Amino acid sequence: MSTPKLIIANKKYSSWSLRPWLALKVKQIDFIEELSCFDHSTNHAHFWEFSPTKKVPVMVLGEQTVWDSLAILETLAERYPETGLWPNDPQQRAHARSISAEMHSGFPALRGECPMNMNRRPSAVDLSAQAQVDIERIQTLWADCLQRYGGPFLFGEFSIADAMYAPVVNRFEVYAIETRPGTQRYMAAIRELPAWQQWEAAGKAESWVSEVVDI
Ligand SMILES: N[C@@H](CCC(=O)N[C@@H](CS)C(=O)NCC(=O)O)C(=O)O
C-alpha cells in the first residue's frame, strides 16, 4: 500500500487542512506531508497544479487524488479500518457521520466571523446573532455526545467527528467565547493531544500574515 501524501496550507490558518492532518497524526498513520502556502497575490493559483478545486487539503494515493477534507477522512477510514476513525457501533457511526456532515456544510456565521488563527491573542469580537446560534448548537451537540458516550472525545475514542470539530476548539479559544464547563473539558482533551500541540506550535511559528479574513 502506498504511503499517503497530504498536501496542506499554512498551519496558522488552514482549518480544512488541520482536520485530516490531525486524524493521521492521532491515529499514527504514516504519511508524507507537503506544505503549499497561500498566496493571495495570485489567488493561490499554484493550487491548480495538484488540486482539481484549487483548494487544500488534497491527499495523493499513488495515482489517485482525493480532495475535500471529509472525502479524505472517509478514504482513510476505509483504508485503515483498524484505527477506528469511525465508531464501530453502526448507530454511533451514523451519529458521528451526521455531526461531521453538519460541520462540513454548516456554521457559516461562526466560520466567517471567527476564522481559525493559531497565533491570535485571545480577545472577544462582536458576534452576529447567527454566530451565537452556531456556538450554542455546537455546544449542545458536543454535550449530547459527551454525555451519551462518556468522553473524553465525542465518541469516547478520537474519531473523524473530533477531527471535523477541531478548528472550533481554536475559534472558541482565540475569540474568547464564553463556553459551558463541559465544552471546556472537551476543548482541554483536544488541546492535550500531542498532535494538536505540534500543529499549534508550527502554526504560531509561521511568519506569513493573511490580509484576508476567510481562507
Ligand atoms: N470543502 C473543502 C474546503 C477546502 C477549503 O476551502 N480550503 C481553503 C483553505 S482552508 C482553500 O484551499 N482556499 C483556497 C481557495 O479557495 O482558493 C474541504 O473540506 O476540504
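Start at the ligand and select helix H1: with three residues, H1 gives the largest share of the shell around the ligand. Keep in mind that you're looking at a predicted model.

**Stop 1: around the ligand**

Now widen the selection to the whole shell, which holds 14 residues. Show Ser14, Trp16, His44, Lys55 and Ser69 as sticks, since these come nearest to the ligand. Two helices each supply at least two residues here: H1, spanning 15–26, and H2, spanning 69–79. Color the shell by residue class and you should get six nonpolar, five polar and three charged residues.

**Stop 2: zoom out to the whole chain**

Switch to cartoon. The protein chain has eight helices and four strands. Trace it from the N terminus and the elements run β-α-β-β-β-α-α-α-α-α-α-α. The radius of gyration is 17 Å, close to the 17 Å the globule rule gives for 215 residues, so the chain is as compact as a globular protein of that length. If you like a bounding box, the C-alpha atoms fill one of roughly 45 × 40 × 30 Å along the principal axes. Of the 215 residues, 36% count as buried. For a contact map, take the contacts with a separation of 6 or more: 72% of them join residues 24 or more positions apart.

**Stop 3: two domains**

Color 5–83 as domain 1 and 90–199 as domain 2. Their centres, taken over C-alpha atoms, are 20 Å apart. Where they meet, 15 residues of domain 1 are in contact with 18 residues of domain 2. On the domain 1 side, H1 and H2 are the elements that give two or more residues. H1 gives the most to that side, with nine residues. Split the domain 1 side by class and you get ten nonpolar, one polar and four charged residues.

So H1 is worth keeping highlighted: it turned up in the ligand shell and again where domain 1 touches domain 2.

**Stop 4: the largest nonpolar core**

Hide the surface and go inside. In soluble globular proteins, nonpolar side chains tend to be buried together. Here the largest nonpolar core has 51 residues, and Leu22, Ala23, Ile160 and Ala161 touch the most other members. Elements supplying at least two residues each include strand S1 (5–8), strand S3 (58–61), H1 and H2, along with helices H3 (90–105), H5 (129–149), H6 (160–174) and H7 (181–191). Pick out H6 in its own color, because no element gives more to this core: its share is nine residues. Both domains take part, with at least three core residues drawn from each of domain 1 and domain 2.

Which residues does alanine 23 touch, once you skip those up to four places away in sequence? Select Leu73, Leu76, Leu85, Ile160 and Ala163 to see them.

**Stop 5: leucine 193**

Last pick: leucine 193, in the loop between H7 and helix H8 (194–205). Is leucine 193 buried or partly exposed? Count the other C-beta atoms within 10 Å and you get 18, so leucine 193 is partly exposed; 20 or more would have made a residue buried. Finally, draw a distance from leucine 193 to lysine 25, C-alpha to C-alpha. It should read 9.8 Å, although the two are 168 residues apart in sequence.

Conventions:
Residues are numbered from 1 along each chain as its sequence is written. This is a predicted model: local features need pLDDT of at least 70, side-chain atom pairs count only at pLDDT 80 or more; totals for chains, interfaces and linings use all residues. A residue is near a molecule or strand if its C-beta atom, placed from the backbone, lies within 6 Å of it. Ala, Val, Leu, Ile, Met, Phe, Trp, Tyr, Cys and Pro count as nonpolar, Asp, Glu, Lys and Arg as charged, and the others, Gly among them, as polar. A nonpolar core is a set of buried Ala, Val, Leu, Ile, Met, Phe, Trp, Tyr and Cys residues joined through C-beta atoms within 7 Å. A residue is buried if 20 or more other C-beta atoms lie within 10 Å of its own, exposed if 12 or fewer, and partly exposed in between; C-beta atoms are placed from the backbone. Domain bounds come from an automatic or database domain assignment. Two residues are in contact if their C-beta atoms, placed from the backbone, lie within 7 Å. The radius of gyration is taken over C-alpha atoms; the globule rule is 2.2 Å times the number of residues to the power 0.38.
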